Amino acid sequence: MHVTMVKKRLASGEPCEKCAQAEEMLRRRDLWERIDEVLWAVEGEADSPGLVVARKHGIELAPFFVVRDEEGQETIVTSTLRLVKQHLATPARDMPSSAAPLDVEHAARELEGAEPETILRFALEQFGERCPIAFSGGEEVVLLDMATRSGLPFRVFTLDTGRLHDETYEYLDEVRRRYGCEIEVVLPDTDEVTALLRAKGPNSFLRDGHGECCAIRKLRPLGRALRHADAWITGTRRDGRPTADAPVIQRDPVFRGASDPLVRFQPLAAWSRLDVFDTIRRHDVPAHPLFGAGYAHIGCLPCTRPRDESGAPDRWWWEDEAEAPERPDPGGGI
Ligand code: SF4
């Protein structure tokens, strides 16, 4: 297989931004060396090699790729992500390395103390894309960065409760662009939300506690998202109550998946918040802008606020935390 990338250069001599982003994405996935040839389409120079190829194939946008197989058959690919998924990901990387069921307890013992990258790679090699990463728009962004650097295919989903901060929607777009990945958006059931709104209005959590609203907007959608998965990856850490004893791998204590058990990977279990932000800095990972405004939790707009020095709750602060029952951590940034 021979892959040609056609990149655009502006009349000013600058490369086009989209082409630069595509190259960056391929480099991050360690796939840049799989591009055999780069042809420049120079704005205003009809005879530049890239424009000649673009005319030949009737393409008017950049970048695009020409993939030639062993028989000389050419395929035009206009999406970098599609190129990665359909032409550059080897079958061995797409498929789990073993068809045997995972011995969860043994794997947890073996990987306790391992670096998060190692645990994440293990998850993706075992389960491939049947093991999505749950991304709330928060600190788990480091998992997306690690997954991208692993060069393995991965899936990401996020829960859109309908009550998120505007900054979160913008941030999700930034992360999509940065890592060139799709982020599957999981929504609550419309009928359930409508029934709650009709019966109790938009802010029932202020009177009744957050349990009912969270169940409709977060927990049940998450359960539905996991129904077809064999495993999933969360950003759960031990330094966050009530997850002080979270193992790096476990049978999911809350949700059921396509197979039994649903395996839950927590590569960041042993990390502190400091470790996460150190990684964000070292790898120039895009961080949610609200972290810079004092937020520790990125959740729904009406239910989160910046942390202050008093140590007062920054989520659901109107509820009596002292009397709130201990509940298992559902994961997924909930
Ligand atoms: S965090 Fe607040 S708005 Fe979001 S689902 Fe829970 S109760 Fe509803």
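A crossover between two strands is called right-handed if, with the strands pointing away from the viewer, the path from the first strand over the helix to the second runs clockwise. In this structure, which is a predicted model, such a unit is found near the beginning of the numbering: strand S1, helix H1 (residues 17–28) and strand S2 make a right-handed β-α-β unit. Within that unit S1 and S2 pair in the parallel sense, over six bridges, and one place to look for this pairing is Val6, which stands opposite Leu39 in S2.

From here the view can be widened to the sheet to which these strands belong. Four strands form an open sheet, and their order across the sheet is S2-S1-S3-S4, with mixed pairing. The edges are taken by strand S2 (37–42) and strand S4 (74–77), each of which pairs on one side only. On average, and with direction ignored, neighbouring strands of this sheet are turned by 20° against each other.

Moving across the sheet from S1, the reader comes to strand S3. Strand S1 (residues 2–9) and strand S3 (residues 64–68) run antiparallel and are joined by five bridges, and within this pair His2 stands opposite Arg68 in S3. Helix H2 (residues 49–57) packs on the sheet, where it touches S1, S2, S3 and S4, and the direction of H2 makes about 90° with that of S2.

The next step leads from S3 to S4, which also run antiparallel and are joined by four bridges. Arg68, already met opposite His2, stands opposite Glu74 in S4 as well. S3 and S4 form a hairpin with five residues between them, and in the turn Gly72 has a positive phi of about 85°. As a general point about strands, the side chains in a regular strand alternate between the two faces of the sheet.

Beyond the sheet, two pairs of helices deserve a careful look. In one pair, helix H6 (residues 116–127) and helix H7 (residues 141–150) pack at an angle of about 65°, with their axes 10 Å apart. Angles of 65 to 115 degrees count as roughly perpendicular, and H6 and H7 are therefore roughly perpendicular to each other. Their crossing is right-handed. On the side of H6 the contact is made by Pro116, Glu117, Leu120, Arg121 and Leu124, and on the side of H7 by Leu143, Met146, Ala147 and Ser150. The residues of this contact of H6 with H7 divide into six nonpolar, one polar and two charged.

In the other pair, the axes of helix H9 (residues 190–200) and helix H11 (residues 211–226) come within 10 Å and cross at roughly 160°. Angles over 145 degrees count as roughly antiparallel, and H9 and H11 are therefore roughly antiparallel to each other. The crossing of H9 and H11 is left-handed. Glu192, Val193 and Leu196 in H9 meet Cys213, Ile216 and Arg217 in H11, and the residues of this contact divide into four nonpolar, no polar and two charged.

Some details of the backbone remain, and they are best read against a general background: most residues other than glycine have a negative phi, and most peptide bonds are trans. A cis peptide bond joins Ala62 and Pro63, with omega about 0°, and Pro63 is found in the loop between H2 and S3. The peptide bond from Asp260 to Pro261 is cis too, with omega near 5°, and Pro261 is found in the loop between strand S9 (249–251) and strand S10 (263–265). Asp284, a residue other than glycine, has a positive phi near 50°, and the place of Asp284 is in the segment after helix H12 (273–282).

Definitions and conventions
Residues are numbered from 1 along each chain as its sequence is written. This is a predicted model: local features need pLDDT of at least 70, side-chain atom pairs count only at pLDDT 80 or more; totals for chains, interfaces and linings use all residues. Two strands pair if DSSP finds at least two bridges between them. Axes are lines fitted to C-alpha atoms, for helices over the stretch in contact, and angles run from 0 to 180 degrees between N-to-C directions. Two residues are in contact if their C-beta atoms, placed from the backbone, lie within 7 Å. Angles under 35 degrees count as roughly parallel, over 145 as roughly antiparallel, 65 to 115 as roughly perpendicular and the rest as oblique. A crossing is left-handed if the near helix is turned anticlockwise from the far one by less than a right angle, and right-handed if clockwise. Ala, Val, Leu, Ile, Met, Phe, Trp, Tyr, Cys and Pro count as nonpolar, Asp, Glu, Lys and Arg as charged, and the others, Gly among them, as polar.
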